[in-house]
Amino acid sequence: MGQDLSRDSGSDGSPLRNCWEVTACGREPGGERVDELGVCPAATCAEADGANGGRFGGRICWSIAGTLCGGRVQGSWAAKILSCVMCPFFDQVVQEQGGGFFLHLHDWLRISGRRRA
Ligand code: SF4
């Protein structure tokens with residue numbers, strides 16, 4: 001049995017899509033490119049589940065180290081954030097979340113009560 005990668009809905013009832021659904025990267029569990037580099041950590045990061053309304057880290061991928069965008073292992077947050085903020089998906093999440101947008105995973109963990117400040 002695979003992981004549940006289903007979507008949450010936005011305030012207007014429309015589905016909130018995760019990065020692998022928007023980019024069709026194929027690096028989520030069961031994806032067609034998993035055999036190349038493995039499963040992307042954004043698609044399995046349990047502590048990020050729910051951030052910006054996504055499944056696992058699917059809507060806060062820019063804050064997760066070692067993601068697999070572009071077909072290569074990305075580095076730390078500091079190393080990749082400049083390219084991530086240029087990604088159309090980043091802008092899409094900003095627009096969809098409005099005032100409820102979280103840039104940093106640690107901020108979402110603190111607000112959601114999953115981790116103390
Ligand atoms: S972070 Fe990039 S490689 Fe990883 S699941 Fe999202 S779109 Fe795919």
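**A buried loop, a core and a ligand shell**

Let me begin with Asn52, which is buried, because 24 other C-beta atoms lie within 10 Å of its own, and a residue counts as buried when that number is 20 or more. Please keep in mind throughout that what we are looking at is a predicted model. Asn52 sits in the loop between helix 2 (34-37) and helix 3 (77-84), and, although Asn52 is not a glycine, its phi is positive, at about 55°.

Phe56 is also found in the loop between helix 2 and helix 3, and its phi, near 50°, is again a positive value in a residue other than glycine. Is Phe56 buried or exposed? Phe56 is buried, with 28 other C-beta atoms within 10 Å.

Now let us turn to the core. The largest nonpolar core has 21 residues, and those that touch the most other members are Ala42, Ala48, Ala51, Ile60, Cys61, Ile64 and Leu105. Helix 1 (19-23), helix 4 (88-97) and helix 5 (105-111) are the elements that give two or more residues to this core.

I would like to stay with Cys61 for a moment, since we shall meet this residue again at the ligand. If we leave aside its neighbours within four places in sequence, Cys61 is in contact with Cys19, Ala42 and Thr67.

Finally, which residues are closest to the ligand? The ligand is surrounded by 13 residues, and the closest of them are Cys19, Cys25, Cys40, Cys61 and Cys69, so that Cys61 and its contact Cys19 both appear in this list. Sorted by class, the shell around the ligand holds nine nonpolar residues, two polar ones and two charged ones.

Key
Residues are numbered from 1 along each chain as its sequence is written. This is a predicted model: local features need pLDDT of at least 70, side-chain atom pairs count only at pLDDT 80 or more; totals for chains, interfaces and linings use all residues. A residue is near a molecule or strand if its C-beta atom, placed from the backbone, lies within 6 Å of it. Ala, Val, Leu, Ile, Met, Phe, Trp, Tyr, Cys and Pro count as nonpolar, Asp, Glu, Lys and Arg as charged, and the others, Gly among them, as polar. A nonpolar core is a set of buried Ala, Val, Leu, Ile, Met, Phe, Trp, Tyr and Cys residues joined through C-beta atoms within 7 Å. A residue is buried if 20 or more other C-beta atoms lie within 10 Å of its own, exposed if 12 or fewer, and partly exposed in between; C-beta atoms are placed from the backbone. Helices (H or I, at least four residues) and strands (E, at least two) are DSSP runs, numbered from the N terminus. Two residues are in contact if their C-beta atoms, placed from the backbone, lie within 7 Å.
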